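Trainee: I have a model open on my screen and would like to learn how to read it. Could we go through some features together?

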Amino acid sequence: MRRRQLVLHALLALALLSALSVGLLSGGGVPVAAQDGPDATPTLPPPPLVELNEEIIKRATVLVMQTYQTRGQPVIACTGSGTLVSADGLILTNAHVALPSEMCRADQLVIAITVRLDEPPVPTYTAEIVNFSKGRDLAVLRINGYLDGRAIEPGTLQLPFVELGDSATVQLDETITVMGYPDFGNAPVAATRGTVSGFTAEARAGDRAWIRTAATIPGTMSGGGAYNRAGKLIGVPTIAPARAGGELVDCRVLQDTNGDGRADENDRCVPVGGFISALRPSRLARGLVRAATLGIRQGEDLTPPHAVPTEGAPIFSRLFFTTRVNEAGVPANVIGRVPTGTTSLYLFFDYDNMVDGMVYELRVTVDDVPRPEYGLPPTTWSGGKRGTWYIGRAGLPWENGVYHFRLFIEGREAAGRSIVIGGGPPTEPQFSDIVFGLLDENGNLVGTNYVLPEGSAIQARFNYLYMTPETTWSYIWYFEGQEVLRDTLAWAGDEQGVWVMPAGGDFYPGQYRLELYIEGTLSATADFVIAGGAEGYSSAIFSDFRFTDEQIEGVPTGAVRNDFPSEIPRLYVFFNWRLIAPGTLWTRRWLVDGDVLFEVTEPWDAESTGENYFVGLQSLQTLPDATYTFEIVIANVTQASVSAKVGLGQLPVEAFASAEGVLMTGRITDAETGQGIPGALFIVLQAEYSVEDFLWDRAQVLDASLADSQGYFRIARLLPRGTREEPLLYSVLVRAEGYLPLSADGIVVDTDTRSPVVINVALSRN
Amino acid sequence: MSDVVEIPAPVSLNFTQRWNTYLALMLAAAVLFLGLTMRRNTLSATQTFEDLEAGVRAQVPLGWLIDAKSDEYVFRAEDPDALPFKTMLQVSVMTVGPDATPNLVLDLLNMQRAPRFSTYREIARFDERLRDAPAKRMIYAYTQDERNPFQASVPIVVQGVDVVVLRRGQAVIITYREERSDFEKNLGRFEDLLATVEIF
């Protein structure tokens, strides 16, 4: 009987403890102590590449599909790759991947993302074009909705993204990784590794207009990303857009687009390019991306952006070679033979009737063997209608041989020229390094550049070498392409030195050219511009710059100032000009805090002298606080640079989000069954808070994730890293109804932490 | 040889033993009741949320995650434990004109939500009074899916209710959202919020 009593009392005590336990542990708001059980301990992920986080890069790589509707059904017109460059859905890709064209009829851009790394991408979003450069074949898109038509709530997208790296630091033979989709979406995102095999120079973009690689990159990866070892985007793999009548490698029929019940050769096919060997450096995309990130676009101008209509067939002419290009983009010399060991060679040519976006190509053979590394694969034209252009390669040895250069426009051969590389240094007479200027009162040439004032006595200066007395030489002056003066003389100078020659006649505003010949062979040439009035020995073309935030029909109606309050939606700059000939190429730039956002080169299209030319910037909402600078450049000489401050005069610190950080992911399971707990909440606190400090205030939360149907969670925001000396310590909490809550402090994230940090948690039922 | 004394087994408990047993049972019952009461109190415990700028004060469940940093609402409270949908209570304020009505505000809410919420649909609308002020109640439903596209989550059918009341050029919107199957069960939370919310 006594035993029965003892058992009874024990049961009562147990009931008491149970009741207290129920009351305490199920308190939803009571912070629980950190439980660093084996299940809550972060498990080390398999060793990834420490620097190049392939998972994030792969997830940031998207498939861009141009689609249209026919008979209510979506049809895929063209596909390409793209890369997320911001968490809120900005995508960098090729312009031809996003812009509709004759071959790519499209009325909607569909974005497919890599949900599972080993599976093809899943169409998820729609997108719109924010910025693009048809010539450089780059575009920035913005995800603007879900595929079912729903709009995206502002601030809700937290997509993995990559940062643009500094493509100027890319080295020869550096290992790069190219990401993209190798198929129409039938295969998972792929990485191709290779090395940088060289660089190709192009006018207006310098010696590194293209990064060349020998890696095998399928054409469908065009628009994707090329990364350095640090995982920064340093280039966009680019292939020429498919064109009607062009050389298509492949065109595949995917759907029954004509509704005849069969998918055959009568249906529209999706073009496939060949292989990519050139990358557009990321520096050429930086302005487009930054402008899109800041929500800035070019606004109203005096004249709308124009595509000059072509009046005839596009042509290339006057091909010649040089070994040096000066800072103004002018050839230093003209050569007919290059000695052994040369490391730079450029092909110059004139062009006319070209249109940005046309496809052109340079094919090179050496001793009749095709050598694509010396040429330029088919790519889009970016030089406008008329001018002088060059393609070349510097910094790498050119082997000996007979080189034949052939230029193509839209697949048709347009011009060609040969040159021999080999032999010793040239000893034949030569001219080089032409510059233009004015003589001062002491007879010295001053104001030397390629933009000179109207009505002045222009002088040309050039170097000469290996000249012999009585050598026949001649000069020809051109104005707007027409010869205006020519003379042939016998050389009366020394063997080498500097020669200054006056230019005869009056110089009116316009574009001029000087050609120097020795024994009837072109030896040096340079173009220059006459514009503006003399101001000392320089040209004064543009004046009276005024910033304002309002204009009506070309008249500034807002306050004219250089210091604007925050949150203005538009900014205009007005200026006057004089003596600039229509057709003169000029470049205008907008810089924000020193970064070039927009740069447009086009022929001057207003009258020669006038007032109140204006260009503008605008925002969909308000222009961010920053210093806005407007520059005008002619012949690579900066003619004007003016600035205005908006608000504080500098961009907010967080204007450009960092893609640096650690991904946190894992699974929340039932400790008994091992099954995932859908809907379980995983919270990561800001690094400055511990579990004990947490007051269930959302402001203390870095990010949270709900477990999916299998129990997997994924913190969308990357965890900022600390340093080795001062690591950041994170606290996490896991909650699910019917389970004992778990929490843990002290999850270390520093420079050595490998991403992703995987945390698997098993919850016990309460 | 020793003597063996046999003690007969007691036929029944004596008085003390009986009352000891009764007292132990009563104590256990009392403690169990105390525990359950503590649990209930803990679960229904609230804390005061106050936003002097917006002029809103309310009692919200203790231990719920409070977000008061958004421009979209004055505060949003979510039950961190709830599965699979995080039960949500929210108070928001919308600036309206002098001729606006609660009905118009609900129309505007419908127009805002339709493009954002998948399969959004209004279910019913009623007149009611909140603190003697005329108010309008609307019940609606939609399907919610995970915004992180990298997670394989099944969409959830969510039912919600808004109560709109006007004050001095503003519409105050009090909202409750819950997974459809638990909507009625937790509606009391919303009624508690309505009973305690002060708009000043």
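Trainee: Let me start with a helix: is α4(A) mostly covered or mostly exposed?

Mentor: Happy to help, and please keep in mind that this is a predicted model. To judge a helix, count how many of its residues are buried; a residue is buried if 20 or more other C-beta atoms lie within 10 Å of its own. For α4(A) the count is 10 of 12 residues, so this helix is mostly covered. Among the buried ones are Leu284(A), Leu288(A) and Val289(A), and Arg290(A) is on the list too.

Trainee: What span does α4(A) reach from its first C-alpha to its last?

Mentor: Helix α4(A), residues 283-294, reaches 17 Å, close to the 16 Å expected at 1.5 Å a residue. Look just after the helix as well: Gly295(A) takes a positive phi of about 70° there.

Trainee: Now sheets. In what order do the strands of the three-stranded sheet in chain B lie?

Mentor: The general idea comes first. Strands of a sheet pair through backbone hydrogen bonds, either parallel or antiparallel. In chain B, the order is β1-β2-β10, the pairing is antiparallel and the sheet is open.

Trainee: Why is one side of β1 and of β10 in chain B left without a neighbour in the sheet?

Mentor: Both β1 (46-51) and β10 (198-199) of chain B stand at the edges with a single partner strand each, so one side of each has no neighbour in the sheet.

Trainee: How many bridges join β1(B) to β2(B)?

Mentor: Six bridges join these two antiparallel strands, and one of the pairs to look up is Phe49(B) with Ala58(B) in β2(B). The hairpin they form has four residues between the strands, and Gly55(B) in it takes a positive phi near 75°. On the other pairing, β2(B), residues 56-61, meets β10(B) over two bridges, again in the antiparallel sense. There, Arg57(B) is the bridge partner of Glu198(B), while Val56(B) is matched with Ile199(B).

Trainee: Which strands are at the edges of the five-stranded sheet in chain A?

Mentor: That open sheet has the order β27-β33-β32-β29-β30, with mixed pairing. Its edge strands are β27 (451-452) and β30 (482-490) of chain A, each pairing on one side only. Eight bridges join β30(A) to β29(A), residues 472-479, and the two run antiparallel. Thr472(A), for instance, has Ala490(A) as its bridge partner in β30(A).

Trainee: Stepping back, what radius of gyration does chain B have?

Mentor: Compare the value with that of a compact globule. For 200 residues such a globule would have a radius of gyration near 16 Å, but chain B has 27 Å. The C-alpha trace of chain B spans about 110 × 45 × 30 Å along its principal axes. Buried residues make up 32% of its 200 residues. As for secondary structure, chain B comes to three helices and 10 strands.

Trainee: And how many residues does each chain bring to the contact between chains A and B?

Mentor: Chain B brings 40 residues and chain A brings 42 residues. On the side of chain B that touches chain A, α1(B) gives the most, with 13 residues. The elements giving two or more residues to that side are α1 (15-43) and β3 (65-67) of chain B. By class, that side of chain B has 24 nonpolar, eight polar and eight charged residues.

Definitions and conventions:
Residues numbered from 1 in each chain as written. Chains lettered and ligands numbered in written order. Predicted model: local features only at pLDDT ≥ 70, side-chain atom pairs only at ≥ 80, totals over all residues. Pairing = 2+ DSSP bridges. Rg over C-alpha atoms; globule rule 2.2 N^0.38 Å. Contact = placed C-beta atoms within 7 Å. Nonpolar A, V, L, I, M, F, W, Y, C, P; charged D, E, K, R; others polar. Expected span 1.5 Å × (residues − 1).
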